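Reader: Hello! I am new to protein structures and would like a close look at one part of this one. Could you walk me through it?

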Amino acid sequence: MRVALLGTAAGGGFPQWNCACRMCTSDAPAREGDCIAVSADGSDWFLVNASPDIRSQILATPALAAGPGPRDTPIKGALLTDAELDHAMGLLTLRGAAGLRVHAPEAVLHALRDGFGVHGITERYAPWEWAPVPPELGGLRVSALPVSDKVPKYCADTQVPGPWVVAYRFEDPATGGVLVYAPCLRTWPEGFDEFCAGAACVLLDGTFYSAGEMSGATHAGVGSGAQRAMGHVPIAGPEGSLARIGAHRAAHPGVRWIYTHLNNTNLVLDPSSAEYHEVLAAGAEVLPDGAELVL
Ligand code: MLT
Ligand code: MN
Ligand code: ZN
């Protein structure tokens, strides 16, 4: 299985256009919106999430180049972990792609159709298949773990039963390689340790380094409640993901833990920061956009 990390930033990217926080005005490397592409055979590819930056992400990834026919694309479909705009806006860019298959949990499909309206827009350009998450996709076994009940802000219809947010596990039966992709975790969810068991690599929610960083970075602009409401487990602290990774590593060494969906306020964006080095010392990683994994 090949995995392309197309983008590793949270909504807004890094730097964020309307933010002059310490990080956004630093010279830390820029990052585009979180999403990945996976392929069992290197020729048919599936996006997992579609960020607003998807056009430049596709153009920067040779494996996703159009061809061989004039309107052919190796991108056969897209899976979504959730219905948040930073994971779904790229679908608008893909309008016109013949026969694209979009897979997501039912509540996410509902939000995309009735809240965002992207379904109704794209079907005027090319009919797509919108369907629940299949057990197999292009030669990869797929399973989904419900991880959060967070409903996107734009979606008024909060009574629809979830799951609203899932993590995906992709297994290549030919190589045994397993990838877990979990960019949105409110907490370390029930069953997540088991879900990650045997994975070669886990791409993990690294939105925030600390529980209160948005209010610190933006001063009065964003209250600490707003960060909590966004529903992302911080990296640091006793309840943070780094502590859970440490516990998991004791039982299952050899898993690569890679943070993604990094918010523009997150100090690990700066490779010279103490926080970045703390993440590395604990056995986790932060990779640049465009990194590729072979599992
Ligand atoms: C999130 O990751 O929490 C969302 O993308 C935030 C948002 O765009 O409202
Ligand atoms: Mn997001
Ligand atoms: Zn910023």
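Reader: Are tryptophan 188 and phenylalanine 192 buried or exposed?

Author: Happy to help! This is a predicted model, where local features need pLDDT of at least 70, side-chain atom pairs count only at pLDDT 80 or more, and totals for chains, interfaces and linings use all residues. Residues are numbered from 1 along each chain as its sequence is written, chains are lettered from A and ligands numbered from 1 in the order in which they are written, and side-chain values use heavy atoms, with hydrogens and water left out.

Now to your residues: tryptophan 188 and phenylalanine 192 are both buried (under 20% relative accessible area, with a 1.4 Å probe and protein chains only; exposed is over 50%, partly exposed in between). Let us turn to the rings. Rings of Phe, Tyr and Trp (its six-membered ring) pair if their centres lie within 6.5 Å; planes under 30 degrees apart count as stacked, over 60 as edge-to-face and the rest as tilted. By this rule there are 5 aromatic pairs. One of them joins tryptophan 128 and tryptophan 130, a tilted pair with 5.8 Å from centre to centre and 35 degrees between the planes. Tryptophan 128 and tryptophan 130 are both buried. Tryptophan 188 and phenylalanine 192 have ring centres 5.1 Å apart and planes at 80 degrees, so their pair is edge-to-face. Ring pairs also bring in Trp257, making a cluster of Trp188, Phe192 and Trp257.
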